[in-house]
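Q: I would like a close look at one part of this model, namely its pockets and the residues around them. Please keep the account plain and connected.

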Amino acid sequence: MRVHVSLNGFYDWDPVPPDVLVEDKDVKAGRVKAAADGAWLMRVPKKGVVTSTDIHIPEGEILAVQFQDCVKENVVLSRIEAAGHIIARQTAPHHFHRSWITDIQVEDDGPLPDLFNTEIQRFLDAGLIQPEDREELFSRYTEASTNEAAVDHLFTRLGAKKPEVM
Amino acid sequence: MGAAEKIIEPVQKISVKDAIRRAAKSSKVARAEGTHSHMLAEVIPLKGRKRKDVWRHNLTTDSATGYTNRRDFQSKAMGMGPSFAFATATGNATATSATSLTNTGASFPTAGQGLAGQIVVASRNSSGTGVTVYGIIVSNTATVLTVDQWYDPTSATGAAGTTPNATGAYVVLPGQGPASWLGVTADATASAATDTTLLSEITTNGFARAVGTYAHTAAATTYTLQKTFTASGTATINRCAVFGASSPTGGGVMPFINAVPSPPTLVSGDTLQLTVTVTIN
């Protein structure tokens, strides 16, 4: 699944200057991360810049998140819900704030049932997912969806306002 | 205090929040040279709260010999173009296998790193028989290209494609295949810039090497690769690396490698979430 997020701002990662004190709270908050040779990078918002983020999500990752949420949260996600979690939880914090989103485009070639069957097997074998849950997982994974519906969901999941169509 | 004594005031440091506010208003940034990456490992246990590790700088394999060297990989990916054309860059195979393509009439370049890291596209024969797939060349002789596997170009997970037709057409592309795969190991040997492989890479229990989610914002100095591994058995994760091929057997370029601090031991149902950020200055 390919997601193109249009933005009017983005996060860049600049070197932390020598006159700055980096504390644990900064690391935990995600404001800084380690750079080369013991240095640090800090997350700097670059607002007012028209740009975009391209996100390429392998189908295996969508399945991994669907299975993960089933195992840990006992929640059954659809493909776009899993993709929304990937972007919101993993990608967005490094690339953009939701208030900078101006548009979202989704290009999706649809589910891969064969891959689902291959990937779920080890979860069944390990007893992490029960056989009786398989059908619901498969049903949600393969349920019909349109790119437009996917876009609507992502706007909601990311907490961004969808632009009005003139 | 005597008149000759000088009071040295300690340097007052500002907070990260203030530094960010200052940087957001300024267009000037003093950047470190070169490309580097760092990796974050987060463990989400089946029961319990997420344990977030600290970001760790990755070692770039700049001293490695062979084509796994990070600088060689970058140079070829960015600069190797039509100048590397050769007569048998395209032709017809005389034999193929799951990991090779042979053209007995070819003279594939073998000097230095040969064609390692480049992509070969194999297609149908003159009768229209066969499929179109591509492979990442891990090594070659004058007449045989060895690939890590054949890829289905329609698969976003890098799934294996069908072995191409034994007499199908092929073309070797300039440049390099991307480094998109993330792999882990329980081996605790200290990583070194001379490393070319990830020792004892884990291939089972949900930790097999896999393609990560790629994201890049136009004009930003970084891109991210992220992968969620869910354990279906027990594994201790000591080190991680980024690769340019799908198979531990084939290897592929390995530009970044690092140790996971406080190596987590995951049991069935736990999740390891890896995020690699590559900074390009």
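How many nonpolar, polar and charged residues does the lining of the second largest pocket have, by class?

A: The model is a predicted one, and its scores are ipTM 0.84 and pTM 0.82. By class, 14 nonpolar, 12 polar and 5 charged residues line the second largest pocket. The volume of this second largest pocket is about 620 Å³. Its lining consists of 31 residues, and those nearest the centre are L115(A), E119(A), A208(B), R209(B) and A210(B). Both chains also appear among the elements that give two or more residues to this lining: α2 (59-73) and α4 (113-125) come from chain A, while β14 (210-211) and β16 come from chain B.

The largest pocket can be set beside it. Its volume is about 990 Å³, and 41 residues line it. Nearest its centre lie H56(A), P178(B), S180(B), V211(B) and Y214(B). The elements that supply two or more residues to this lining belong to chain B, and they are α2 (70-79), β10 (133-140), β16 (222-230) and β21 (271-280). Of these, α2(B) makes the greatest contribution, with 5 residues. Sorted by class, the lining of the largest pocket has 24 nonpolar, 12 polar and 5 charged residues.

Y214(B), one of the residues nearest the centre of the largest pocket, deserves a closer description. Y214(B) sits in strand β15 of chain B, which covers residues 213-217. Its relative accessibility is 28%, so Y214(B) counts as partly exposed. Apart from residues up to four places away in sequence, Y214(B) touches D54(A), I55(A) and H56(A) in chain A, and Y223(B), T224(B) and L225(B) in chain B. H56(A), one of these partners, is also listed among the residues nearest the centre of the largest pocket. As for distance within the chain, Y214(B) and T154(B) are 60 residues apart in sequence, and their C-alpha atoms are 16 Å apart.

The loop that precedes β14 of chain B, an element of the second lining, runs between β13 (181-185) and β14 and holds S200(B). N205(B) is found in the loop between β13 and β14 as well. Most residues other than glycine have a negative phi. S200(B), which is not glycine, has a positive phi near 50°, and N205(B), also not a glycine, has a positive phi of about 55°. With a relative accessible area of 57%, S200(B) is exposed because that value is over the 50% cut-off. N205(B) has a relative accessible area of 30% and is therefore partly exposed.

On the chain A side, helix α2, which also gives residues to the second lining, contains Q66(A). The relative accessible area of Q66(A) is 1%, so this residue is buried. Beyond its neighbours within four places in sequence, Q66(A) is in contact with V75(A), L77(A), A82(A), F116(A), L137(A), R140(A) and Y141(A).

R140(A), one of those partners, is in helix α5 of chain A, residues 131-142. R140(A) is partly exposed, with a relative accessible area of 22%. With neighbours within four places in sequence set aside, R140(A) contacts Q66(A), V76(A), L77(A), S78(A), R79(A) and E81(A). L77(A) thus appears in the contact lists of both Q66(A) and R140(A). From C-alpha to C-alpha, R140(A) is 17 Å from R157(A), a residue 17 positions away in sequence.

A further glutamine of chain A, Q90(A), is in helix α3, residues 79-95. Q90(A) has a relative accessibility of 4% and so counts as buried. Its contacts, leaving out neighbours within four places in sequence, include E61(A), V65(A) and H85(A) in chain A, along with Q226(B), T228(B) and Q273(B) in chain B.

Some totals for chain B complete the picture. Chain B contains 2 helices and 21 strands. Of its 281 residues, 51% are buried. Among its contacts with a separation of 6 or more, 68% join residues 24 or more positions apart. Its accessible surface is about 12400 Å², and carbon and sulfur atoms hold 56% of that area. The mean pLDDT of chain B is 83, with 85% of its residues at 70 or more.

Key:
Residues are numbered from 1 along each chain as its sequence is written. Chains are lettered from A and ligands numbered from 1 in the order in which they are written. This is a predicted model: local features need pLDDT of at least 70, side-chain atom pairs count only at pLDDT 80 or more; totals for chains, interfaces and linings use all residues. Side-chain values use heavy atoms; hydrogens and water are left out. Helices (H or I, at least four residues) and strands (E, at least two) are DSSP runs, numbered from the N terminus. Buried means under 20% relative accessible area, exposed over 50%, partly exposed in between (1.4 Å probe, protein chains only). Contact means heavy atoms within 4.5 Å. pLDDT is the predictor's confidence in each residue, from 0 to 100. Accessible areas come from the Shrake-Rupley method with a 1.4 Å probe; for residues, only the protein chains shown count as cover. On a 1 Å grid over the protein atoms alone, a cavity is a set of points where a 1.4 Å probe fits but cannot get out, and a pocket is an open set with protein on both sides within 12 Å along at least five of seven lines; lining residues have an atom within 4 Å of a point. Grid points are joined across faces, edges and corners, and a volume is the space filled by probe spheres set on the points. Ala, Val, Leu, Ile, Met, Phe, Trp, Tyr, Cys and Pro count as nonpolar, Asp, Glu, Lys and Arg as charged, and the others, Gly among them, as polar.
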